[in-house]
Amino acid sequence: MSVATQTLKKFVNAPEDVVKESLAGLAAAHPDLVRVDFDNQVVLRKDAPVAGKVGLVSGGGSGHEPLHGGFVGRGMLDAACPGEIFTSPVPDQMLAATKAVDGGAGVLHIVKNYTGDVMNFQLAAELADDDGVAVESVLTNDDVAVEDSLWTAGRRGVGVTVIVEKLAGAKAEAGGSLEEVATVARRVNERGRSLGVALTSCVTPSAGAPTFEIGADEMEFGVGIHGEPGRRREKLKPASEIVAEMTEAILADLSPAAGATLLAFVNGLGGTPLIELYVVYNELAKQLAERGLTVARNLVGNYITSLEMAGVSITLVELDDELTTLWDAPVHTPALRWGA
Amino acid sequence: MGGLTRVDSATMARWLEGSAVAMREQRDYLTQLDAAIGDADHGTNMDRGFASVVTKLEELDDSTPPGKLLVAAGSTLVSTVGGASGPLWGTALRRAGRSIGDGESFDGAALATALEAALDGVVKLGAARPGDKTMVDALEPAVRALRERVDGGASAADALVAAREAAEDGMHATVPLQASKGRASYLGERSIGHQDPGATSTVFILRALEQAVRERP
């Protein structure tokens, strides 16, 4: 253990305490927005449960901050269940969160499509049902890097999860029923696609070493948010060419209507500075315009990360009037705030 | 003694404690295997879960029947492991425990039935089949070998030797396979050449079961 600590170049006390201490920091920084139930390891909206409102619960392994705890608050999530780093949380957490945010209108589980997350949320939904709480589950699976879902666990849930949480959260805040909120969430997932590219690996505190090896002049095209491999390993190239390849892969799969209106989300994976994210956004905006597509809304920043991985993901969502209105609705969380 | 071998709560407790020792000793090895084709947390997760099981055992009454003991251990794994291994091994032990029922002890045939129930639970929850490069590749042949030996008149202890050997063969056989379930599936062909960490921890757990039953006081 001591060897790992000496070689681990991270701001940690002990690797096993990182998640809990980070949650304590979140609670200390944002007491006006969230509270943390440390017994159950759940981040709760400060005023949960909100009577008559559908509760939104998400969760997953830690290491993707600000996802999900940073999105707890008005207009987004009611609770987040952080697991250990890159490890799904357990059903007890999800059950405690579900009960804590049930304001009588039912609870929506937003689940990223990973084997562990799906199994644990499934067990939690069964337990909540036993306790008389109405639960709907929505799976996000937007990563176009996974091409052949017959031979894999299916497409991974990545960037669109942030957009689903924002738009479904706004729908719930506006008084939507459980069915209506779930329908919005599913529609966003169906209309959203993502792709990520990594320049370096992440390092989990417990492993203390890079999750994967990558050459100084290489990039992983289609990387997952836990360092899972993508479609191919390539030589690094100019940003314009990387963005063109990413955009091509996403649009080929999304097939938006001619002249469609898009939400463009350029997300940093943790180790890429904002100046580069804006270089990427500049290329993306130009290339989408050349294709006759309108970017009506955008989001640029680090929102669903992979520890210190240098890299970027692009998510495109085909908007409609309702989704655009929901995007503009007020949101007030530690990591996303406007109109409130 | 042959078919007279019976298994009781003390044996089950030794199995779980032995599994916990193995997970602690093999933690870094399992995590290394997982780093190659997964997300480098399998050893840490299994160690945390089985350590919690040992704590749970200390809280249980000595008169707890073996079936109930396994159900409690399974629930503890579900509550503490996370990832896919928690629900899978938790379900396996809970199903096995429920299959055993409330008796104070059980025989080799009931043990085989219990592990068949465990395998069934794992397959249903994980939707994995043999050859998918998962824990099923070790568990399924082990359960099959156990059933064959027990039906052939072997003692539980002897049948478990065959089961553990079958699990080891299954574990080695995952090396050339391409994963099609779980996180390793994203590697596609790049998962070939690596031993599956879930099949490996399954071997350690079955080895602990074999030892617990053989070393009955």
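**View 1. Where chain B meets chain A in this predicted model**. The contact draws 24 residues from chain B and 27 residues from chain A. On the chain B side, α2 (27-37), α3 (42-59), α4 (66-80) and α5 (85-100) each put in at least two residues. The top contributor on that side is α4(B), with three residues. Sorted by class, the side of chain B that touches chain A comes out as eight nonpolar, 11 polar and five charged residues.

**View 2. Helix α3(B) and the helices packed around its buried residues**. Start with the ruler check: 18 residues at 1.5 Å each should span 26 Å, and the end C-alpha atoms of α3(B) are indeed 26 Å apart, so the two agree. Plenty of this helix is tucked away: B:His42, B:Gly43, B:Thr44, B:Asn45, B:Met46, B:Asp47, B:Arg48, B:Gly49, B:Phe50 and B:Val53 are buried. What do those buried residues of α3(B) pack against? The partners are α1 (9-25), α2, α4, α5 and α9 (197-214) of chain B.

**View 3. The α4(B) and α5(B) pair**. A quick reminder before the numbers: a packed pair of helices is described by the angle between the axes and the distance between them. Here α4(B) and α5(B) pack at about 165 degrees, with axes 7 Å apart. That angle is over 145 degrees, so α4(B) is roughly antiparallel to α5(B). Their crossing is left-handed. From α4(B), the residues making the contact include B:Leu70, B:Val71, B:Leu77 and B:Val78, while those from α5(B) include B:Trp89, B:Leu93, B:Arg94 and B:Ile100. Glycines turn up on both helices too, among them B:Gly67 and B:Gly74 of α4(B) and B:Gly90 and B:Gly97 of α5(B). By class, the contact of α4(B) with α5(B) holds 12 nonpolar, eight polar and three charged residues.

**View 4. Helix α7(B) against α8(B)**. The axes of α7(B) and α8 (residues 156-173) of chain B come within 7 Å and cross at roughly 155 degrees. That puts α7(B) roughly antiparallel to α8(B). Is the crossing of α7(B) and α8(B) left-handed or right-handed? It is right-handed. Alanines show up on both sides of the contact, including B:Ala138, B:Ala142 and B:Ala145 of α7(B) and B:Ala159, B:Ala163 and B:Ala167 of α8(B). Charged side chains join in as well, among them B:Arg144 and B:Arg149 of α7(B) and B:Asp158 and B:Arg164 of α8(B). The class count for the contact of α7(B) with α8(B) is 15 nonpolar, one polar and six charged residues.

**View 5. Helix α7(B) against α9(B)**. Helix α7 (residues 136-151) of chain B also packs on α9(B), this time at about 40 degrees, with the axes 7 Å apart. In this contact B:Asp137, B:Ala138, B:Leu139 and B:Ala142 of α7(B) meet B:Ala199, B:Thr202, B:Val203 and B:Leu206 of α9(B). The residues split into six nonpolar, one polar and one charged. B:Asp137, B:Ala138, B:Leu139 and B:Ala142 also belong to the contact with α8(B).

**View 6. From α6(B) to the loop before α7(B)**. The 19 residues of α6(B) should span 27 Å at 1.5 Å a residue, and the end C-alpha atoms are 27 Å apart, which agrees. Just after α6(B), B:Ala127 takes a positive phi of about 55 degrees. Further along, B:Lys133 sits in the loop between α6 (108-126) and α7 of chain B, and its phi is near 70 degrees, a positive value in a residue other than glycine. Is B:Lys133 buried or exposed? With 29 other C-beta atoms within 10 Å, B:Lys133 is buried.

**View 7. Backbone oddities in chain A loops**. A cis peptide bond links A:Ala48 to A:Pro49, with omega about -5 degrees; A:Pro49 is in the loop between β2 (42-45) and β3 (55-62) of chain A. The bond from A:Glu65 to A:Pro66 is cis as well, omega near 10 degrees, and A:Pro66 falls in the loop between β3 and β4 (79-85) of chain A. A:Ser255, in the loop between α7 (239-254) and β10 of chain A, has a positive phi near 40 degrees. Its 9 C-beta neighbours inside 10 Å make A:Ser255 count as exposed.

**View 8. A:Thr261 in strand β10 of chain A**. This residue belongs to β10 (residues 261-268). With 18 other C-beta atoms within 10 Å, A:Thr261 is partly exposed. Setting aside neighbours within four places in sequence, A:Thr261 is in contact with A:Thr294, A:Ala296 and A:Leu319.

Technical notes: Residues are numbered from 1 along each chain as its sequence is written. Chains are lettered from A and ligands numbered from 1 in the order in which they are written. This is a predicted model: local features need pLDDT of at least 70, side-chain atom pairs count only at pLDDT 80 or more; totals for chains, interfaces and linings use all residues. Two residues are in contact if their C-beta atoms, placed from the backbone, lie within 7 Å. Helices (H or I, at least four residues) and strands (E, at least two) are DSSP runs, numbered from the N terminus. The expected span of a helix is 1.5 Å times one less than its number of residues. A residue is buried if 20 or more other C-beta atoms lie within 10 Å of its own, exposed if 12 or fewer, and partly exposed in between; C-beta atoms are placed from the backbone. Axes are lines fitted to C-alpha atoms, for helices over the stretch in contact, and angles run from 0 to 180 degrees between N-to-C directions. Angles under 35 degrees count as roughly parallel, over 145 as roughly antiparallel, 65 to 115 as roughly perpendicular and the rest as oblique. A crossing is left-handed if the near helix is turned anticlockwise from the far one by less than a right angle, and right-handed if clockwise.
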